[in-house]
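Load the model in your viewer and keep the selection tool at hand. The stops below go through one nucleic acid strand and then the other.

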There are 2 protein chains.
Amino acid sequence: MSALSDSASPLYEKVKDFVLANIGSGKWVQNARLPSENDLVNSLGVSRMTVHRALRELTSEGHLRRVQGVGTFVAPPKAQSTLIEVSNIINEIRDRGGKHRAGVILLERIEHPAPAIVRAFEFDRVKPVDHSLVVHFENDIPVQLEERYVNPALVPHYLDQDFTSIATLEYLQRCTPLTEVEHLISALPAGPEQARLLQMPERDSCLVLHRKTWTGATVATVNTFTHVGSRYSLGSRYRPTHKPA
Amino acid sequence: MSALSDSASPLYEKVKDFVLANIGSGKWVQNARLPSENDLVNSLGVSRMTVHRALRELTSEGHLRRVQGVGTFVAPPKAQSTLIEVSNIINEIRDRGGKHRAGVILLERIEHPAPAIVRAFEFDRVKPVDHSLVVHFENDIPVQLEERYVNPALVPHYLDQDFTSIATLEYLQRCTPLTEVEHLISALPAGPEQARLLQMPERDSCLVLHRKTWTGATVATVNTFTHVGSRYSLGSRYRPTHKPA
DNA sequence: TGACATAGCATGTATATACATGTTTCATTC
DNA sequence: GAATGAAACATGTATATACATGCTATGTCA
């Protein structure tokens, strides 16, 4: 009678599955109103706190929309703006198997007053901005060009780091764990300098990942140029909802 | 004494902020062990259920790692594989202001036995696969080429839809709300056909978003070719953690 | 010394209760 | 009829309590 599955999963998970099953089957369509918490308490035979937890988690996962005093509704599908998980290319190279070798070369490293591009990213009031150009290799073939602008005032001992170490990005993340991130993805034909550094034809396509992190003041700006073509792609599987792996 | 802020936010939010502040300040470093729930109950003066909820949410948000019987630890930063929100280009056009006009042209629409590319995406046992080519316009300029392979057996009344309607993708999402999604992003030079359809130079860069959805059997495969260059980019802000906007 | 049982402690779940907060509905009153 | 107020109902939060589950350390017994 309970309408809940009899697996070994916890009760609130069964309630979540019950709700998702009703959404998936089309019984509860988009923007439809769900039974109230007390209704579900009566029909499912669990406590209100358990129902509430299930509905709250489904709300934070994007499946439901709740309005205090009004009710609970089926949320519109959230694939409109899609979450994509893009793997760090360093990890991609590292995970591709033991027979590949990853390498890094530091091309340029200047601590200089902010040029136009730096000023454009709100570094204005920061005097020294560390600018470095790094090329990543796999099996002696350059696969990625990284252009980093880092605000050393916000990253302790950043200037003491070994810039050819592969752990630099991880160091940035570890020192500023609560930063916000903005990404832009675009595709551009390689310019002369990029083509030279990546050893690729000059008008071949580059996938550009622009990554800006800040905590209030800007921490770092990183432009990543990857020669994709047939050799590389960035991707992920995205499981929209209920079973966070 | 309570070490919690005195704002108007709920108690569990204050506990979360307290924990995040200790992580952000470096007091609790990566992999460090947090005080136990009972310790926090004593030092913060709230109930264990409240502490538990705060820690549970921080865990699901990726900030903490909890092991039953052992303790709670600061999770390594999750920016390793970065979440990126890529906006649907249809929404981008629609949201760009009233003076722009969006349009769609259906170029081809064949229901045919699966060719090689279709077979490669596990359509094998499905006989009829709907294949359509759609070009999206903004102000009479083509900006996106969409190549769709849809399994009509899994999408009710799909073949009855008006394919020049902008709502087709939304219809797909509404009919199969609990699908999983896989994305691949790459940058490719435009081939002859793509260049012709998008009215762009033949070797200019295309940003290609490959999107495959399935529920078990494959539902649809959509390849999106966007002429980016200086005109378009896909991007998002990603707030890693605590204040889901 | 080694194996095993156990106590202790950590997190995980479920419930009952109480109150807070926001919305809708409906009846009373002017 | 319109405005006001109260009741009913919805979700939101906080707490106490109880028990379940999993790991660790300790101490006893062979």
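Select Thr50(A) together with DNA strand C: a polar side-chain atom of this residue sits 2.7 Å from a phosphate oxygen of the strand. The coordinates are those of a predicted model.

Stay on DNA strand C and move to chain B. At Glu37(B) the backbone makes the contact, with a polar atom 2.8 Å from a phosphate oxygen of DNA strand C. At Thr72(B) the side chain does so, placing an N or O atom 3.0 Å from a phosphate oxygen of the strand.

Now widen the selection to every residue within 4 Å of DNA strand C. This gives 25 residues, and the closest are Leu11(A), Thr50(A), Arg48(B), Arg66(B) and Gln68(B). Which part of the strand faces them, sugar and phosphate or bases? Sugar or phosphate holds 68% of the strand C atoms within 4 Å of the protein, and bases hold the rest.

Colour this selection by secondary structure. At least two residues come from each of α1 (11-24) and α3 in chain A, and from each of α3, β1 (64-67) and β2 (71-74) in chain B. The largest share, four residues, belongs to α3(A). Recolour by residue class to find nine nonpolar, ten polar and six charged residues near DNA strand C.

Next, hide DNA strand C and show DNA strand D. Begin with Arg48(A), where an N or O atom of the side chain is 2.7 Å from a base nitrogen of DNA strand D. Gln68(A) reaches another kind of atom: a polar atom of its side chain is 2.7 Å from a sugar or linking oxygen of DNA strand D. Then cross to chain B and pick Arg53(B), which has a polar side-chain atom 3.3 Å from a phosphate oxygen of DNA strand D.

Which elements give two or more residues to the surface near DNA strand D? In chain A they are α3 (48-60), β1 (64-67) and β2 (71-74), and in chain B they are α1 (11-24) and α3 (48-60). Select α3(B) on its own: with four residues, this helix gives the most to that surface.

Finally, show the full set around DNA strand D. It has 25 residues, the closest being Arg48(A), Arg66(A), Gln68(A), Leu11(B) and Gln68(B). On the nucleic acid side, 68% of the strand D atoms that come within 4 Å of the protein are sugar and phosphate atoms. By class, the residues near DNA strand D are nine nonpolar, ten polar and six charged.

Conventions. Residues numbered from 1 in each chain as written. Chains lettered and ligands numbered in written order. Predicted model: local features only at pLDDT ≥ 70, side-chain atom pairs only at ≥ 80, totals over all residues. Heavy atoms only, no water. Polar contact = N/O pair within 3.5 Å; in protein donor to acceptor, adjacent residues only side chain to side chain. Nonpolar A, V, L, I, M, F, W, Y, C, P; charged D, E, K, R; others polar.
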